[in-house]
Amino acid sequence: MQDRRALSLKAHQSESYLPLGCKLPPQSPGVDTSPRPNSPVFRTGSEPTLSPALVRRVSSDARAGEALRGSDSQLCPKPPPKPCKAPFLKAPASPSTWLNSDANYCELNPAFAAGCDRGARPPLCAQDSYVELLTAKQNGVPGPRNSGTNYLILDDDGAGPWAAPAMQMDQGPEEDEAEFVLPRLETASSFRPNDFESKLLPPENKPLETALLKRAKELFTQHDPKVIAQHMLSTDCVVVRILEVSEEMRKSMGVSSGLELITLPYGHQLRLDIIERHNTMAIGIAVDILGCTGTLEDRAATLNRIIQVAVELKDSMGDLYSFSAIMKALEMPQITRLEKTWTALRHQYTQTAILYEKQLKPFSKILHEGRESTCVPPNKISVPLLMPLVTLMERQAVTFEGTDMWEKNDESCEIMLNHLATARLMAETADSYRMNAERILEGFQPDEEMSEIFKTEFQMRLLWGSKGAQVNQTERYEKFSQILTALSRKLEPPPVKQAEL
């Protein structure tokens, strides 16, 4: 029955049936030499070439002198070489050499395949390679001078060249002057409150001295909101190292801007300083509101001035860093619970209250979701939003009690990726932020006392005193949070039977 079925199938198929991917067994005399498949089901066509290596194995195992039947062309290890479309410097190898090589089937040009086999071997220069010159210079031997020679630089995988400017190897004595300086790892904060020279602060002071608070409040209320925003922007640019960056500082950082440094591992101390200034500024603004022990109208007027400064930082200055600090202060639970103060703001300064609810709060939400590029033109930003990035890079462990609004969102992973992508773009375009800040501050004449009250050292001394300013950050913030809670309850005591703040 099996032989009869095989004979009937042979009549309907070509002679080129072969067991798929299988060797032909050795044939002994006296035995039927017709090929027998492993299965009664045969393939009624030519066998597809699934892999070049498999074809070579089947072809080499076939007996010599055995005639090929059917589609013999598919059993050939390599197709004939196609004509080269681009001229090559090296003449192509002969087809016989190419057919016997172990190159892959996709290598259509033998010259290109030979070049790929060499891996990441860089092309030799005309006479002296760049590596030879560097080796000679390292050994103290003056290398040959090839003035005006262009060198080709390959990628790490050796796949091809990338665009690089031509390097002049003959620099003469000037080449020795431009030597590389290893970036310095900063271990101490740039804020030194006890060494801070101030015209307003005594050598030693206690926390929250009444005279200092009163003087700072007078300076804050006497100046226009736009002038206040300019002083804040000027100080922020110095702290973040966008402006007033000396050549010595650039060498010690290894980069030209602090916006690049905070994305690098050794920018740890600068990130801590940025966190310090942001939190200190937010606490200082909260104290400015809660320290108004006078009438309700005084607190509403102070709140109105702070919101106007936030508007100037957003629209005129493009300082998103200080803007986020003010919004953080206004959204503290000790401030939001002052219902009488906010009601007085709506009655006396209706336009400011609407501006805060309809523009500033939605804009702050967009910022912390990493979507500032959708509503702020890049040429208007002088200091970008920095806190999400530095918080991510400095947090020691994952916490589920987020202190920022973007960490409480259901799309927190996507928001985190948005902040990281924004940080990458920020580091690449650091010079544009510097030019924007220079353009905005052009012709600005700072007031000496006004500039002092916005310095981080002054704020630290004002809030924690000359001794408390040296205490650990976490401990200082926790204690001051309790102070703010006490001040808030004193201004507006909670109703009876209401949950504690």
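Start by selecting Met332, in the loop that runs between helix 13 (320–330) and helix 14 (333–336). The model on screen is a predicted one. Met332 counts as buried because its relative accessibility is 13%, and the cut-off for buried is under 20%. Which residues should be displayed around Met332, leaving aside neighbours within four places in sequence? Show Ala282, Ile283, Ala286 and Leu484, which are in contact with Met332. For a distance label, pick the C-alpha atoms of Met332 and Ala282: they are separated by 9.1 Å, with the two positions 50 residues apart along the chain.

Next, select helix 11, residues 268–290. The largest nonpolar core has 88 residues, and helix 11 gives the most to this core, with 11 residues. Ile274, Ile326 and Leu386 are the residues with the most contacts inside the core. Centre the view on Ile274. Beyond four places in sequence, Ile274 is in contact with Val240, Ile262, Tyr321, Leu386, Met387 and Val390. Leu386 therefore appears twice at this stop: as a contact of Ile274 and among the residues with the most contacts inside the core, where membership requires buried residues joined through side-chain atoms within 4.5 Å.

Stay in helix 11 and select Asp273. What is the nearest side chain of opposite charge to Asp273, and how far away is it? Arg241 is the nearest, at 5.1 Å. A salt bridge needs the charged atoms within 4 Å, and Asp273, although buried, has none. Turn instead to Ser190, whose side chain is joined to that of Asp273 by a polar contact of 3.0 Å. Ser189 and Phe191 can be added to the display, since Asp273 touches Ser189, Ser190 and Phe191 when residues up to four places away in sequence are not counted.

Now move to helix 12, residues 296–317, and select Arg299. Arg299 is another residue that is buried yet has no salt bridge. Its nearest side chain of opposite charge belongs to Glu492, 4.1 Å away. Glu492 is also one of the residues that Arg299 touches outside the four-place window; the others are Ile289, Cys292, Gly294, Thr341 and Leu491.

Finally, zoom out to the whole protein. The secondary structure comes to 22 helices and zero strands. Of the 501 residues, 37% are buried. Among contacts with a separation of 6 or more, 73% are between residues 24 or more positions apart. For a surface display, the exposed area is about 30,400 Å², and carbon and sulfur atoms supply 55% of it.

Note on methods
Residues are numbered from 1 along each chain as its sequence is written. This is a predicted model: local features need pLDDT of at least 70, side-chain atom pairs count only at pLDDT 80 or more; totals for chains, interfaces and linings use all residues. Side-chain values use heavy atoms; hydrogens and water are left out. Helices (H or I, at least four residues) and strands (E, at least two) are DSSP runs, numbered from the N terminus. Buried means under 20% relative accessible area, exposed over 50%, partly exposed in between (1.4 Å probe, protein chains only). Lys and Arg count as positive and Asp and Glu as negative; His and the chain ends are not counted. A polar contact is a pair of N or O atoms within 3.5 Å; within protein, one must be able to donate a hydrogen and the other to accept it, and residues adjacent in sequence count only if both atoms are side-chain atoms. Contact means heavy atoms within 4.5 Å. Accessible areas come from the Shrake-Rupley method with a 1.4 Å probe; for residues, only the protein chains shown count as cover.
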